[in-house]
Structure formats: structure tokens, C-alpha cells
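Q: I should like a close look at a single part of this protein, followed by an account of the surroundings that help to place it. Please keep the description to what the coordinates show.

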Amino acid sequence: MATVKAIEARGLAFSYPDAELVVGPLDWQVEEGAFHLIVGATGSGKTTLLRCLKPALVPAGRRYGSLEVFGRAVDGLDAREAAATVGYVSQSPENQIVCDSVWHELAFGLENLGIAQDTMRRRVAETGHFFGIEPWFRRSVDELSGGQKQMTTLAGTLAMQPRLLVLDEPTALLDPVAEKNFLHALFRVNRELGITVVVAVHEPEAMLDYATDAVELADGRLRSVAGCGKAKTPQLYARRGVQATFPTQNAARPAVCVRDVHMRYDRQDDWVLRGFDLEATAGCIHAIVGGNGCGKSTLLRVIAGVLKPERGRVDNRLAACQALLPQDPKTLFVCDSVADELHEWQKACGYDDSAVDDALLRFGLAGRATSHPYDVSGGEQQKLAFAKLLLAEPELLLLDEPTKGLDAPSKLTVGRMLRERARAGTTIVMATHDLSFAALVSDTVTMVFDGEAACTEPAADFFANNLFYRPAQDAFALLWNEQCG
């Protein structure tokens, strides 16, 4: 008897309303128990392909061909069967979290499935412990870092014990140490629990040791690629050591000065920032690194004036001309098309139509100009938000995970733009887990730990002397060294 595939697609294709095919037609098979990677450029259709596996998440449009999970047509699964069969973790946890507390979020899916209370409590407890969620189990989700939100979403999904776990860029918001812990946990989920894992990812290097096979999605089609498991080869992505090229720092008066800042969200809470000190030099790129929940996003919001510290002082000389890129780019979108978003601030900021056209071309969004911002991929949303802020020509750019969801060529574009802006005098402070990007693009690095600036060093010195925070030898590093090194 033939083995039932975890996923089997024949002639699968998908198109959005009034658009050409985004995916397919393609054939796709994933063996039960596999750890399967899908790689591809920003906007290649990876997210669309994954969402087709979950009836409740299939985007508006038209799907062609057949698609089965474990021998059942996806369209034939009712809501309960779909929830218990296919678990889905999206690019942005903000789009998936529905409850106000962590413990309720972990229990929410089980409640909808009608799981008995005793069983529910056991599943929540074992899943929360498995992912190390106990320290923030009873916290409000609004108090969590982006990485903690993502871990909460994963745990809530896994609590429903799906046979197939589908993840879209699952490590995008995790710090380097948390990423390794997460991948090891995901490996255990796959190998020990027998759950089939399918991951869409731009940078697969960290996952190659865990994956059993991989495919690349390009031009709507899938092709098998080598480079997984113990026999991995350089064929998936060529590798080269990171060669940092750091500009000389500007010795001018700091554009931003943070002194002895103490910040917490409630008087009963622990300090998020405690005695925090930071100086950002005018015309330089200052990277902020550290673990999930250490206070990086809070620091950016304190500098921007969005949050007021309980103690300490912030001297932001550029506050009158600043822009903040949040972790969720959709918070910047208010218009009905990509082009309209880029035109929104035109009158107030004084740029012309040609500047918008140039931004669309430079960020690879010209073909998406008439699309609704919510209908483009996560990486394209990130590029749109970044382009929108740059059109305003701020003197201070505060960026929270600016490369989230971007492939290597898109990161190259963003990195070049940041270096151009820095040379023109723009001050840039960015919180990031993307160490290769920080190593190659930034001038200075501050590590945050226990609410304090544990160290601040020139980027070259920081990465040369760090045991755990080492830049990856990834596709972005290869491109940067070839074209900008």
C-alpha cells in the first residue's frame, strides 16, 4: 500500500483577484515526518502557498488543482478537523494573537476545539514548559517582546497537537541564542513527536542541519535543492566569511543622549530599562542587540518620545524630524494601495511624484503599486513601510527589526539606503537580531542585558570579540561583500 503523504498537490495554482497566477501550476509532495524547507525571494509566493494549506487562511482569490493533507482534500476539512490537523504560525504574531494574556492565548485554540478542562490544563502546562514560557505565563501579551509573542503563538498552535506544523519565517523576531533554542525545540517536535514540519524561510542556513529536504519557489514553480541534513552542500546558498567594512565614526556631538533612564510599564512591574545610558553619534548607524524582551523596542520608543521614562533623561536633538519603523509595518498603512501609501505624506513633506516612482522601482514594488498594502507579502510590507519613511527624509531614523521578512537582495537594498542616508548626515538607531546585517552596515553596537547597556563598541570590535553574537555567513553577507565590500 502506498504511503500517505503529509502534503500532496497536483497542478496547484493560485491567483489573486484581477491578477496573474502568483503560484503554480506546480506539483508538491511532503513526506509524513519530514522537516521540509521552502526558500524563495521576497514576494515569491511562499506565504500564499502555505496559507492554501489552512482553509480559514486561504487568501481572497482563486485556487486551481488539487491539494491534500494526509490523504484528505483541504477543502473537505471542517473547521475542527483543519485546526487539529494543520497548525499555522504566521510571519507576524500580532496578526495571530487574539487574547489579552499569555495563558489564555495558549488555551484559546483548545477552548475552540472543546477540549476537556483537565486535558486543556495539562496541554497548556506541558507546552508552556517545553518552550520556557513559565516566567511570563501570566503576563499581558501587550507587555511581551516581538520574539516572546512569536513563541506564545507557536506554543498555542502546538498545544492543539497538529499532525502538520506550518511556519512562515518563524525565527525572524528571535535573538541568536533564542533562535538556536527554538530550532532545537522545533527539531524535537519533528523527530520526537513525529509532527511534520514545513517552514518558509529566506535564510535557511541555521535550519540546514535539521531539515530533511528543501525546495525553492521561484516564478511560481518549485524545484528541489540540495543542502540539507548531514550531507548538506553549499548548493542552497553559497557561503563566504563576513568581511566587515566599517566607516570612520563621526566625532560630532551626540544626536541622541540617553542618561540613567528607568522605564517600566506599571509600578508593580520589574524595570524594563534600569539606569540605561546611550549616545548615538550624528550621521552614524548605531545597532542595538540583545535577547528577546531585553528592552530594545522599549528603548526606541523612549528615544522617540512615545514612552516617557519614570526616571532619567533623554536628549533627542532631532525629535522634530524623526521617524520610527515599528516591528509591525502595517501600523503605518492607512491607504488602499501601495502607491497611495507612498503619496500620503507628499504634501506635508514636499517630495514629488518622481520620488515615489523611484521608491517603487528601487524597492521592487512597481509591480505592486495598485495592490492593497495588506495583500502584499510580509517582506513587501516591510519594504513599503521603509520606503514610506525614507520619503519623509527624517534626520533621525529609529528602526525596529528593519530586515524582518526580507531576502538577501532586499536586505542589500536596505543596507545601501541606510549607508547613503548616514553619509548624508542621517542618524540611525536600529534594534535588530540580524547579526550579519548589523556587522556589515552599522558603525557602533550596544548590547542590552538586564535593562542596561552591557557594552557599547565599534561594530568590528564587538563582533570580533563575541562568543555567541557572531554574524552568520549567509547570502546577505555574500552579496554585501561582493558588491559593497
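Which are the buried residues of H7?

A: The model is a predicted one. In it, the buried residues of H7 are Lys-296, Thr-298, Leu-299, Leu-300, Val-302, Ile-303 and Ala-304. Helix H7 covers residues 296–304, and because 7 of its 9 residues are buried, the helix is largely enclosed by the rest of the structure.

After H7 comes Gly-305, which has a positive phi, near 90°. The loop that runs between H7 and strand S14 (311–316) holds Pro-309. Leaving aside neighbours within four places in sequence, the contacts of Pro-309 are Val-261, His-262, Met-263, Val-302 and Val-314. One of these, Val-302, is itself among the buried residues of H7, and Val-314 falls within the residue range of S14. As for a more remote point of the chain, Val-4 is 305 residues from Pro-309 in sequence, and their C-alpha atoms are 57 Å apart in space.

Helix H3 can be described in the same manner. Its buried residues are Val-102, Glu-105, Leu-106, Ala-107, Gly-109, Leu-110 and Leu-113. These residues pack against helix H2 (79–85), H4 and helix H5 (146–158). With regard to H4, the axes of H3 (residues 102–113) and H4 (residues 117–130) come within 10 Å and cross at roughly 145°. The crossing of H3 past H4 is right-handed. On the H3 side the contact is made by Leu-106, Ala-107, Leu-110 and Glu-111, and on the H4 side by Met-120, Arg-123, Val-124 and Gly-128. Sorted by class, the residues of this contact are 5 nonpolar, 1 polar and 2 charged. H3, too, is followed by a glycine with a positive phi: this is Gly-114, with a value near 75°.

The strands come next, beginning with S3. Strand S3 (residues 35–39) is mostly covered, with 5 of its 5 residues buried. Phe-35, Leu-37 and Val-39 point one way from the strand, whereas His-36 and Ile-38 point the other way. S3 is joined by 5 bridges to strand S8 (residues 196–201), and the two run parallel. Within this pairing, Ile-38 stands opposite Ala-200. S3 also pairs in the parallel sense with strand S9 (residues 213–218), over 4 bridges, and here Leu-37 stands opposite Ala-214.

A separate description applies to the open sheet of 4 strands in the order S2-S1-S4-S5, where the pairing is antiparallel. Its edge strands, S2 (21–30) and S5 (72–73), each pair on one side only. Strand S1 (residues 7–15) and strand S4 (residues 62–69) run antiparallel and are joined by 7 bridges. Ser-15 has Arg-62 of S4 as its bridge partner.

Several backbone details belong with these strands. Pro-25 lies in S2, and the peptide bond that leads to Pro-25 from Gly-24 is cis, with omega near 0°. Phe-70, in the loop between S4 and S5, has a positive phi of about 50° although it is not a glycine. Phe-70 has a relative accessible area of 9% and is therefore buried. Another positive phi in a residue other than glycine is that of Asp-450, near 55°. Asp-450 is found in the loop between strand S18 (444–449) and strand S19 (452–458). With a relative accessible area of 46%, Asp-450 is partly exposed.

The cysteines complete the account. The count of disulfides comes to 0, the criterion being a pair of cysteine sulfur atoms within 2.5 Å. For Cys-349, the closest cysteine sulfur is that of Cys-321, at 8.2 Å, which is too far for a bond. Cys-484 is likewise in no disulfide, and the nearest cysteine sulfur, in Cys-284, is 18 Å away. Cys-349 counts as partly exposed because its relative accessibility is 38%. Cys-484 also counts as partly exposed, at 24% relative accessibility.

To return to the part requested, H7 is a helix with 7 of 9 residues buried, followed by Gly-305 and then by a loop, between H7 and S14, in which Pro-309 is found.

Note on methods. Residues numbered from 1 in each chain as written. Predicted model: local features only at pLDDT ≥ 70, side-chain atom pairs only at ≥ 80, totals over all residues. Heavy atoms only, no water. Axes fitted to C-alpha atoms, helices over the stretch in contact; angles between N-to-C directions. Left-handed = near helix turned anticlockwise from the far one by under 90°. Contact = heavy atoms within 4.5 Å. Nonpolar A, V, L, I, M, F, W, Y, C, P; charged D, E, K, R; others polar. Buried < 20%, exposed > 50% of the residue type's maximum accessible area, 1.4 Å probe, protein only. Pairing = 2+ DSSP bridges.
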